[in-house]
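Hi,

Here is the structure I promised to pass on. Have a look through it first, and my notes on what turned up follow underneath.

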Amino acid sequence: MLAMNYRGPGRVRASHKPMPEILHPQDAIVRVTRSCICGSDLHLYHGNVPDTRVGTTFGHEFTGVVEEIGAEVRNLRVGDQVLVPFNIACGKCIFCQQGLFGNCHESNPEATAVGGIFGYSHTAGGYEGGQAEYVRVPYADVGPTVIPAGMDLDDAVLLTDVVPTGYQAAEMGGIQVGDTVVVFGAGPVGIMAAKSAWLFGAGRVIVIDQLDYRLEFVKRYAQCEAYNFRSIEDPVLFIKKITDHLGADVCIDAVGAEAAGSAMQTITGRKLLLQAGSATALQWSINSVKKGGVVSIVGVYGPTGNMIPIGNVLNKGLTIRANQTAVKRHLPRLIEHVQNGVLNPKELITHRIPLQDIADAYRIFSDKLDGCIKPLLIT
Amino acid sequence: MNERENNEHKINESNKKNENFNNGQALKEKLGAKLSHIKGWAVDADPKNDPTYPMRRREKTSSSSWVRPPQQSGHEHILHSNERPDVTRVFGTAAPAKGLSGMIRRCAFKYSEGRFAHWLLLLVADRVNTVEGFANDIAHGKSCHYLTDKGINAQWKYDRKTVVTKAAVGAAVVGLLAGICLRRHIPNIMPEKRHIWGLLDKHSKLQRFIQDYERMMRR
């Protein structure tokens, strides 16, 4: 079968790999119908996530058709059209029982801090990802969800990560009616976080990024204010000025380890790897939020450590909330929102690229070429 | 605080909550009218949003408090964090650790996730693995994929300027290195350029250092 093949930092190709097999009685084999490249895949692509081995296949956002099931799978049938959450979760451990499907204790032997994730390095369990024609799906009774009749596959594939992650970012912000919410990052997750902030009752939503075409998109799509930090020079000062010098009630870091905007963070975090990525967006979030406010983190960072103003967290009495998204917990509500037209995720998709051109797809997404917001891979 | 005061306190607290709730309701109605153009505005507003949500269940639990799924076979060869007692019941088999990079990875897993050495060794292993992968490509005649693997086609199509800049910088660096390496041969190849190389030699500390070194060795 054809699959994406990682060859080292900045290099990927499509190549033929053996078909996946059932390795556990609760496995399923899914034929992929849609898959996406996620912003967090770029951390792997750039070689910033430890234990990313040559020859692995990335991809944790995909839909497909069930081709084969293991002996203990009860909830799926061969031929079902499913969307597969990016988390691999057993559904039984204490964390899954609390709805923390991103923190499953039975899916990732290599690290205890994070649960298993499809195609996200051996640090996240060493699973093959969905940027392929077929993929093995462990714990098939827990994660995969049958796509409701009539739902567009393009909407369904974005329900595997982008939409729930943006939604959880807003949820973790504990947004109260009338709150001012600042979202750092106008990538797909940031756009969804801005859109979701309104659903929780925000009174004002502001998005900060450096790419004008994305800011234009988010302004229209999420009906919010959008500013380019390159033109406002000091984003923290700017936010203070437009919020009565108090700061925002909630700040959301929807960027993570690849943030631009600070030479110091870029050099130490992205170039020299002396910290677990560039924490510029997080630094701005902490400094821009009101005293007693909430910082919600969904941007992905590495496992070591980052330079952030933790003293300000203490002095301002901030609440920091963060987690890998528990996709399964949000799905019922989000499917309802998509079906009711409250959310229209497929508008984010700007590029449809065949799987065999995967190297070009990564380059376009990574370098933000051709007005790219979200590339979809066609198998 | 006696019982009566305690009751009064409870009533006051309750009233405060109701007041906040009513204020919230009023604000919701006011903003609802203003933001009616945003479909679904405030439909998920929840005043009880718990900062630790969804970690509300705090009953005492242990790793033996759930029925573990059956074990996937082949777990004996899987590296696992030393912060857990055994391999999880399922695991990925994308790229088993092997070669020199595999040895480094095995060494990394002797350290816990909290140790910098664990992650540093894994990053080193990744870079070694990249070289191993490239060597494997050469062995299988796939080294010519290097530029296409980097997405050069897309970059050429949408960002030609960067490709040209990178190529120019690359050529300049290679040219400079070649010039240094072939410094003694180039004047013979291009005698008319001798004065240029002579000028370079005159100002090059490296050249002088090499010449001194060679002279010393001849002695």
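α4(A) goes past α5(A) in a right-handed crossing. This is a predicted model, by the way, so please read everything below in that light. The two axes come within 7 Å of each other and cross at roughly 50°. Angles from 35 to 65 degrees fall in the oblique class, so α4(A) counts as oblique to α5(A). If you want to find the spot, α4(A) covers residues 162-172. On its side, the contact uses V162(A), V163(A), T165(A), G166(A), Y167(A), A169(A) and A170(A). α5(A) answers with P188(A), V189(A), M192(A), A193(A), K195(A), S196(A) and A197(A). Sorted by class, that contact has 10 nonpolar residues, three polar ones and one charged one.

Now for the other helix pair I looked at, this time in chain B. α2(B) (residues 99-108) and α3(B) (residues 116-139) pack with their axes 8 Å apart, at an angle of about 175°. Anything over 145 degrees counts as roughly antiparallel, which means that α2(B) is roughly antiparallel to α3(B). From α2(B), the residues in the contact are G99(B), L100(B), S101(B), I104(B), R105(B), C107(B) and A108(B). From α3(B) they are H118(B), L121(B), L122(B), V124(B), A125(B), V128(B), N129(B) and E132(B). The class count here is nine nonpolar, four polar and two charged.

What is the rest of chain B made of? Its secondary structure comes to nine helices and zero strands, so to speak an α-α-α-α-α-α-α-α-α pattern when you read along the sequence. Of its 219 residues, 16% count as buried. If you take the contacts in chain B between residues at least 6 apart in sequence, 26% of them join residues at least 24 apart.

Back to chain A, which is split into two domains. Domain 1 is made of two stretches, 2-161 + 326-378, while domain 2 runs over 164-322. Their C-alpha centres lie 25 Å apart. Where they touch, domain 1 of chain A puts in 21 residues and domain 2 of chain A puts in 22. On the domain 1 side, the elements giving two or more residues are α1 (41-45) and α12 of chain A, and α12(A) has the largest share, with three residues. That side is made up of 10 nonpolar, seven polar and four charged residues.

Then there is the contact between the chains. How many residues does each chain put into it? Chain A gives 68 and chain B gives 63. On the chain A side, the elements with two or more residues in the contact are β1 (2-8), β2 (11-16), α5 (188-199), β15 (319-322), α12 (327-339) and α13 (358-366). α13(A) gives the most, with five residues. By class, the chain A side has 27 nonpolar, 26 polar and 15 charged residues.

One last residue to look up is E216(A), which sits in helix α6 (residues 212-221) of chain A. Is E216(A) buried or exposed? It falls in between: E216(A) has 13 other C-beta atoms within 10 Å, so it counts as partly exposed. Its C-alpha atom is separated by 24 Å from that of V157(A), and the two residues are 59 apart along the chain.

Cheers

Technical notes: Residues are numbered from 1 along each chain as its sequence is written. Chains are lettered from A and ligands numbered from 1 in the order in which they are written. This is a predicted model: local features need pLDDT of at least 70, side-chain atom pairs count only at pLDDT 80 or more; totals for chains, interfaces and linings use all residues. Two residues are in contact if their C-beta atoms, placed from the backbone, lie within 7 Å. Helices (H or I, at least four residues) and strands (E, at least two) are DSSP runs, numbered from the N terminus. Ala, Val, Leu, Ile, Met, Phe, Trp, Tyr, Cys and Pro count as nonpolar, Asp, Glu, Lys and Arg as charged, and the others, Gly among them, as polar. Domain bounds come from an automatic or database domain assignment. Axes are lines fitted to C-alpha atoms, for helices over the stretch in contact, and angles run from 0 to 180 degrees between N-to-C directions. Angles under 35 degrees count as roughly parallel, over 145 as roughly antiparallel, 65 to 115 as roughly perpendicular and the rest as oblique. A crossing is left-handed if the near helix is turned anticlockwise from the far one by less than a right angle, and right-handed if clockwise. A residue is buried if 20 or more other C-beta atoms lie within 10 Å of its own, exposed if 12 or fewer, and partly exposed in between; C-beta atoms are placed from the backbone.
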